[in-house]
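Got your viewer open? Let's take a walk through this structure, one selection at a time.

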Amino acid sequence: MTTRLDVSIGPVQGFVSQSRRTRDLWGSSYLLAFLSAHAMRGAQDTGGKVIQPLIADDPLFEWISGKRRGDRPRIGTVPNHFVVEIPGGTGSAVANAATESLNKAWKQVCDAVWKPYVAAAAQIGAGTEDIWGRQVHGFWEVTWTVGNQDDDMTKSHGGLLARRKHWRTHRPSDEPGDKCTVMSDRQELSGFVRARGKQDRQSQDQFWSRVSDEAGALDLRDNERLCAIALVKRLFPRVAEEALGWRVDTTSWPSTVYVGALPWIRRSSRPPHSKRAITRWRPRARQARWGSCSLRRSKA
């Protein structure tokens, strides 16, 4: 008898939406697809066959499986929910293999970020290593169900998996202390609490200054104090070869301001709009430029 295994990986909404930069959004989506593809590979290596989605020619899955043809995958093309066809009686073994493969890949990504960017600063933190371990180890929730392929409930939209998700068994860790400036439900990594006084504020600033020295001011701004999850999303592209197994280029990622202005830029660049737009906006741009210069001089 052929059995159907449905696997879903989460959280999705919070992981992707709690982002500050366009690169954070891309990183969230890419990491989720990367981990899902590893889970699929774990399921297939244990005797399962992924039937949804179709992954035979998926570039991300092929690179993870060792078939590295063409350019490195730059887009996460694998969803967080997949269906595996398995022999009867092997559901839990295949599901556990998928989960183990995902966790192994996640640990590889986190270790690649920890060693160059956080390990040194952790020596002056207040329990930084414990915070990191708590956050990365308890983050992902892998939900799965097994059913007969011919069963109406199994084949219906959502089916068994939708019912399983109502059974809440994943318990996020308690997060005390100061919170991450991007993922506000999680503790920032230094472990210090600014409300305790001057000493903690200085120690917290010193911790993040040390991380920024390693990561660079462009990747970690002065006012950013991140949790482990947000920091991994932000920095894994810098160590992608160790984290993923191949390099990814994010050096010229568009800013949110550019993405917001892009429709106007495209519309204004086409004649006859281009000349009219330049004539209209040039004096405003000059005024804004000199106004900001005056403001900077007055502040100085």
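Is tryptophan 132 buried or exposed? Tryptophan 132 counts as buried, because its relative accessibility is 6% and the cut-off for buried is under 20%. Before you click any further, keep in mind that this is a predicted model.

**Stop 1: around tryptophan 132**

Stay where you are and add tryptophan 114 to your selection. At 15% relative accessibility, tryptophan 114 counts as buried. Tryptophan 114 and tryptophan 132 form a tilted aromatic pair, with 5.2 Å from centre to centre and 55° between the planes. That pair links distant parts of the chain: tryptophan 114 sits in helix α4, tryptophan 132 in helix α5, and they are 18 residues apart.

Now select the whole of α5, residues 128-137. Trp132 has company there: Thr128, Ile131, Gly133, Gln135 and Val136 are buried as well. What do the buried residues of α5 pack against? Colour α4 (91-122), α8 (198-215) and α9 (228-235), and you have the helices they pack against.

**Stop 2: the nonpolar core**

Time to zoom out a little. The largest nonpolar core has 69 residues. To find your way around in it, pick out Trp106, Trp132, Trp140, Leu244 and Trp246, the residues with the most contacts inside this core. Which helix gives the most to this core? That would be α4, with 15 residues.

While Trp106 and Trp140 are lit up, add Phe15 and Phe139 too: these four form one aromatic cluster.

**Stop 3: tryptophan 246**

Next, click on tryptophan 246. At 3% relative accessibility, it counts as buried. Show its contacts, leaving out neighbours within four places in sequence, and you'll find Tyr30, Phe34, Leu60, Trp63, Ile64, Arg68, Arg72, Pro73, Ala240 and Glu241.

One of those contacts, Phe34, deserves a click of its own. The structure holds 11 aromatic pairs. Among them is the edge-to-face pair of phenylalanine 34 and tryptophan 246, at 5.9 Å centre to centre and 70° between the planes. Why does this pair tie together parts that are 212 residues apart in sequence? Because phenylalanine 34 lies in helix α2, while tryptophan 246 is in the loop between α10 and α11. Phenylalanine 34 is buried too, with a relative accessibility of 0%.

**Stop 4: glutamate 241**

Another of the contacts of tryptophan 246 was Glu241, so named in the list above; select it now. Glutamate 241 is in helix α10, residues 240-243. Is it buried, exposed or something in between? Glutamate 241 is partly exposed, with a relative accessible area of 42%.

Beyond its neighbours within four places in sequence, glutamate 241 is in contact with Trp246 and Arg247. With arginine 247 there is a salt bridge between the side chains, at 2.9 Å from N to O. Arginine 247 is exposed, with a relative accessible area of 55%. If you like checking distances, try the C-alpha atoms of glutamate 241 and alanine 112: these residues are 129 apart along the chain, and the atoms are separated by 8.9 Å.

**Stop 5: more salt bridges**

How many salt bridges does a search of the whole structure find? It finds 13.

Go to lysine 107 and aspartate 111, whose side chains meet in a salt bridge at 2.7 Å, N to O. Both lie in helix α4, four residues apart, about one turn of the helix. Aspartate 111 is partly exposed, at 25% relative accessible area.

Then hop over to arginine 41 and aspartate 45 in helix α2 (residues 22-45), again four residues apart and about one turn of the helix. Their side chains form a salt bridge of 3.7 Å, N to O. Arginine 41 is partly exposed at 32%, whereas aspartate 45 is exposed at 59%.

For a bigger set, select Arg23, Asp219 and Arg238, which are linked in a network of salt bridges.

**Last stop: a patch on the surface**

Finish by turning on the surface and selecting Tyr258, Val259, Trp264 and Ile265. Together they form a nonpolar patch with about 350 Å² of accessible area. Tyrosine 258 is found in helix α11, residues 256-268, and counts as partly exposed at 41% relative accessibility.

Definitions and conventions:
Residues numbered from 1 in each chain as written. Predicted model: local features only at pLDDT ≥ 70, side-chain atom pairs only at ≥ 80, totals over all residues. Heavy atoms only, no water. Helix = DSSP H or I, 4+ residues; strand = E, 2+ residues; numbered from the N terminus. Buried < 20%, exposed > 50% of the residue type's maximum accessible area, 1.4 Å probe, protein only. Contact = heavy atoms within 4.5 Å. Patch = residues over 30% accessible without salt bridge, like charges linked within 9 Å, V, L, I, M, F, W, Y side chains within 5 Å. Areas by Shrake-Rupley, 256 points an atom, 1.4 Å probe, with all protein chains shown as cover. Salt bridge = Lys/Arg side-chain N within 4 Å of Asp/Glu carboxyl O. Core = buried A, V, L, I, M, F, W, Y, C linked by side-chain atoms within 4.5 Å. Phe/Tyr/Trp six-rings, centres within 6.5 Å; stacked < 30°, edge-to-face > 60°.
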